[in-house]
Amino acid sequence: MENLSTHFAQARGSVADTLSQLYARFEHHVPENIEHSVRQYIANISGTTREELFSDIRSLQFTPATVTLALVMMPTIFLAQRLVSSGSSNQAAGKRSKTKKKKPSKAKVANKEIQRILDHVEETYVPQIDSYIEHYAEMSEDDKQYKFKYFEEMLLKELMNLDNVDVVGNDVLRDNRKKVIRFIQDHQRRLDNFKKEAPDSR
C-alpha cells in the first residue's frame with residue numbers, strides 16, 4: 001500500500017511539474033477569463049500532499065489531483081495491458097506456428113506405414129480369405145479362380161509396399177516390418193495349401 005501511495009505521489013508531482021511548464025510556455029495563449037482557473041488548478045495539484053491524495057482516492061473524492069491522475073493513469077494502464085496481451089498472443093502464435101512446422105520423424109512415418117499395411121491386411125484381406133475358404137465349395141469355378149488370383153495379387157502388392165518402407169536403419173522398425181511380412185506370407189501359404197488340398201483341385 002505504501003508503494004502505491006508513493007507511486008501516486010510521484011505521478012502527482014510529475015503531472016504538476018509538467019502542467020506548470022506547459023502553462024509557462026503557453027501562458028500568453030490562455031484566455032484571460034480562464035487564466036485564474038488554470039492557475040488555481042495547477043496550484044491545487046501541486047499543493048496536494050501524498051496523504052491528501054491517497055485519502056481522496058480512497059474516499060473517491062473528485063479533486064484536481066485525483067482527476068488528473070485518473071486521466072493520466074487510465075491510458076497508461078490500458079496501454080500496458082494491450083502490450084502485455086499482445087506479447088502473450090504473439091508468443092502463443094509463435095508456439096502454434098512452431099508446432100505446425102514440426103514434421104514427424106522418418107522413423108515415425110515408417111512405423112505408421114508399417115502399421116497401416118498390417119491393419120489393412122488384417123481388416124480387409126484376412127476376413128475375405130476366411131470367407132473364401134469357408135464358402136469355397138459353394139462357388140463357381142470362375143469365382144474360385146478369380147478370388148484366388150485376386151488374393152495372391154493383393155497380398156503380393158502389400159509385400160511390395162512393405163519393401164518400399166524406409167526403416168532408416170532402425171532395428172526395431174526392421175523387426176516390425178519382418179513380422180508383418182511373415183504375417184502376410186503365412187496367409188499366402190494358407191491360401192496355397194488350401195488350394196492344393198481342395199477337393200476339386202487338379
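## A walk along α7 and its neighbours

Start by selecting Arg189, which is partly exposed, its relative accessible area being 44%. (Buried means under 20% relative accessible area, exposed over 50%, and partly exposed in between, using a 1.4 Å probe and protein chains only.) What you have open is a predicted model, where local features need pLDDT of at least 70, side-chain atom pairs count only at pLDDT 80 or more, and totals for chains, interfaces and linings use all residues. Residues are numbered from 1 along each chain as its sequence is written, and side-chain values use heavy atoms, with hydrogens and water left out.

**Stop 1: the partner of Arg189**

Add Asp186 to the selection. The two side chains form a salt bridge at 2.6 Å, N to O. (A salt bridge here is a side-chain nitrogen of Lys or Arg within 4 Å of a carboxyl oxygen of Asp or Glu.) Both residues sit in helix α7, 3 residues apart, about one turn of the helix. Asp186 counts as partly exposed because its relative accessibility is 42%.

**Stop 2: zoom out**

Now show the whole cartoon. You'll find 7 helices and 0 strands, so from the N terminus the elements read α-α-α-α-α-α-α. (Helices are DSSP runs of H or I with at least four residues, strands are runs of E with at least two, and both are numbered from the N terminus.) The protein has 202 residues, and 25% of them count as buried. If you compute a contact map, contacts between residues 24 or more positions apart make up 68% of those with a separation of 6 or more. (Contact means heavy atoms within 4.5 Å.) The salt bridge count comes to 5.

**Stop 3: the start of α7**

Select the loop between α6 (141-163) and α7 (171-197), and pick out Val168, which is located there. Val168 isn't a glycine, yet it has a positive phi of about 45 degrees. Most residues other than glycine have a negative phi. Val168 counts as partly exposed because its relative accessibility is 36%.

Next, click Asn170. It caps the N-terminal end of α7, with a side-chain oxygen 2.9 Å from the backbone nitrogen of Val172.

Then take Arg174 and Asp171, whose side chains meet in a salt bridge of 2.8 Å, N to O. They are about one helical turn from each other because they lie 3 residues apart in α7. Arg174 is partly exposed, with a relative accessible area of 29%, whereas Asp171 counts as exposed at 54% relative accessibility.

**Stop 4: the buried arginine**

Stay in α7 and select Arg177. How far away is the nearest side chain of opposite charge? It belongs to Asp163, at 5.5 Å, and Arg177 is buried yet has no salt bridge. (Lys and Arg count as positive, Asp and Glu as negative; His and the chain ends are not counted.) Look instead at Leu162, where the Arg177 side chain reaches the backbone oxygen at 3.5 Å. (A polar contact is a pair of N or O atoms within 3.5 Å; within protein, one must be able to donate a hydrogen and the other to accept it, and residues adjacent in sequence count only if both atoms are side-chain atoms.) Leaving out neighbours within four places in sequence, display what Arg177 touches: Ile114, Leu162, Asp163, Val165 and Val167.

**Stop 5: the buried face of α7**

Show these as sticks: Leu173, Arg177, Val180, Ile181, Ile184, His187, Leu191 and Lys195, the buried residues of α7. Their cover includes α5 (106-134) and α6. Measuring end to end, the 27 residues of α7 reach 38 Å from first C-alpha to last, close to the 39 Å expected at 1.5 Å a residue. (The expected span is 1.5 Å times one less than the number of residues in the helix.)

**Stop 6: across to α5**

α5 has 29 residues and reaches 41 Å between its first and last C-alpha, close to the 42 Å expected at 1.5 Å a residue. Where does α5 bend? At Glu122, by about 30 degrees. (The bend at a residue is the angle between axes fitted to the seven residues ending there and the seven starting there.)

Buried residues of α5 include Ala110, Ile114, Leu118, Tyr125 and Tyr132. Among the elements covering the buried residues of α5 are α6 and α7.

Finish on Glu113 and Arg116, joined by a salt bridge at 2.9 Å, N to O. Both lie in α5, 3 residues apart, about one turn of the helix. Glu113 counts as partly exposed at 27% relative accessibility, as does Arg116 at 40%.
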